[in-house]
Amino acid sequence: MNNRIVIGISGASGSIYGMRILKALKGADCETHLVISRAGKTTIAHEITERLEDITSLADFYYSEEKIGEKIASGSFKTSGMIVAPCSMKTMSEIASGVTSNLLTRAADVTLKERRKLVLIVRESPLHLGHLQNMLKLTEMGAIIAPPMPAFYTKPKSLEDIISHSISKVLSLFDIKLPDFKEWQGV
């Protein structure tokens, strides 16, 4: 199914990215499958005003990270791919090693093994050599590392503008174009 995307929210700062991606996909012709790590739930409670139930209700399907046998952990469950937004260094490291401990990282591992698109919105700074090596390893495995970098050519007027541009770039990787996305026009 080309319009089915798995969304993972891990414990890194930036849970707003996962929530905003879910909101954007609500208006698109896309079926969403959401899994949130335990640390992701903690971060959501500290970073944004929306309740966990508000976020999970944005998805068409929501899964507990402990239920490793859910359909998103199977290669026979066809998707366009998966976005982990935000992606903590712990989550990234599990995916890079192939040693997964929960449904979020298992679903990402399956996405890679099935050669589907895996986009990781990694959130950490500064990065040490181990982080960079895991990013290289994941890129070589086919993942896309997409840290949320602000684009100032769009002349953002608010944090909301910066977030919108970042999620628009990620969704464009799945050929989903948001109406407010400003592409570079050249000089």
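Contact means heavy atoms within 4.5 Å. Helices (H or I, at least four residues) and strands (E, at least two) are DSSP runs, numbered from the N terminus. This is a predicted model: local features need pLDDT of at least 70, side-chain atom pairs count only at pLDDT 80 or more, and totals for chains, interfaces and linings use all residues. Residues are numbered from 1 along each chain as its sequence is written, and side-chain values use heavy atoms, with hydrogens and water left out.

**Exercise 1. The H1–H7 pair**

Describe how H1 meets H7, from residues to geometry.

Step 1: list the residues. H1 contributes Ile 16, Tyr 17, Arg 20, Ile 21, Ala 24 and Leu 25. From H7 come Glu 160, Ile 163, Ser 164, Ser 166, Ile 167, Val 170 and Leu 171.

Step 2: sort them by class. Ala, Val, Leu, Ile, Met, Phe, Trp, Tyr, Cys and Pro count as nonpolar, Asp, Glu, Lys and Arg as charged, and the others, Gly among them, as polar. The contact of H1 with H7 has nine nonpolar, two polar and two charged residues.

Step 3: take the axes. These are lines fitted to C-alpha atoms, for helices over the stretch in contact, and angles run from 0 to 180 degrees between N-to-C directions. The axes of H1 (residues 15–26) and H7 (residues 159–172) come within 10 Å and cross at roughly 65°. That makes H1 roughly perpendicular to H7. The cut-offs: under 35 degrees is roughly parallel, over 145 roughly antiparallel, 65 to 115 roughly perpendicular, and the rest oblique.

Step 4: assign the hand. A crossing is left-handed if the near helix is turned anticlockwise from the far one by less than a right angle, and right-handed if clockwise. H1 passes H7 in a right-handed crossing.

**Exercise 2. The H4–H6 pair**

Characterise the crossing of H4 and H6, then find what covers H4.

Step 1: geometry. H4 (residues 89–97) and H6 (residues 129–141) have axes that come within 9 Å and cross at roughly 50°. The two helices are therefore oblique to each other. Their crossing is left-handed.

Step 2: contact residues. H4 supplies Met 89, Met 92, Ser 93, Ile 95, Ala 96 and Ser 97. H6 supplies His 131, Asn 134, Met 135, Lys 137, Leu 138 and Met 141. By class, seven are nonpolar, four polar and one charged.

Step 3: burial. Buried means under 20% relative accessible area, exposed over 50%, partly exposed in between (1.4 Å probe, protein chains only). Met 89, Thr 91, Met 92, Glu 94, Ile 95 and Ala 96 of H4 are buried. Their cover includes E4, H5, E5 and H6.

Step 4: the exit. Gly 98 follows H4 and has a positive phi, near 80°.

**Exercise 3. The sheet**

In what order do the six strands run, and which stand at the edges?

Step 1: order. The sheet is open, with the order E3-E2-E1-E4-E5-E6 and parallel pairing. Two strands pair if DSSP finds at least two bridges between them.

Step 2: edges. E3 (61–64) and E6 (144–145) each have a single partner strand, so one side of each is left without a neighbour in the sheet.

Step 3: pairs around E1. E1 (residues 4–9) and E4 (residues 81–87) pair over four bridges, with Val 6 opposite Met 82. E1 and E2 pair over six bridges, with Ile 7 opposite Leu 34.

Step 4: packing helices. H1 touches E1, E2 (31–36), E4 and E5 (117–122), and its direction makes about 160° with that of E1. H5 (residues 103–113) lies across E1, E2, E3, E4 and E5, at about 135° to E4.

Step 5: the faces of E2. In a regular strand the side chains alternate between the two faces of the sheet. Glu 31, His 33 and Val 35 point one way, Thr 32, Leu 34 and Ile 36 the other. Six of the six residues of E2 are buried.

**Exercise 4. Backbone exceptions**

Locate the cis peptide bonds and positive phi values given here for residues other than glycine.

Step 1: the background. Most residues other than glycine have a negative phi, and most peptide bonds are trans.

Step 2: cis bonds. One joins Ala 85 and Pro 86, with omega about -5°; Pro 86 lies in E4. Another runs from Ser 125 to Pro 126, with omega near -5°. Pro 126 is in the loop between E5 and H6.

Step 3: positive phi. Arg 115 has a phi of about 60° and sits in the loop between H5 and E5. At 70% relative accessibility, Arg 115 is exposed. Asp 175 has a phi near 60° and lies in the segment after H7. At 75%, Asp 175 is exposed too.
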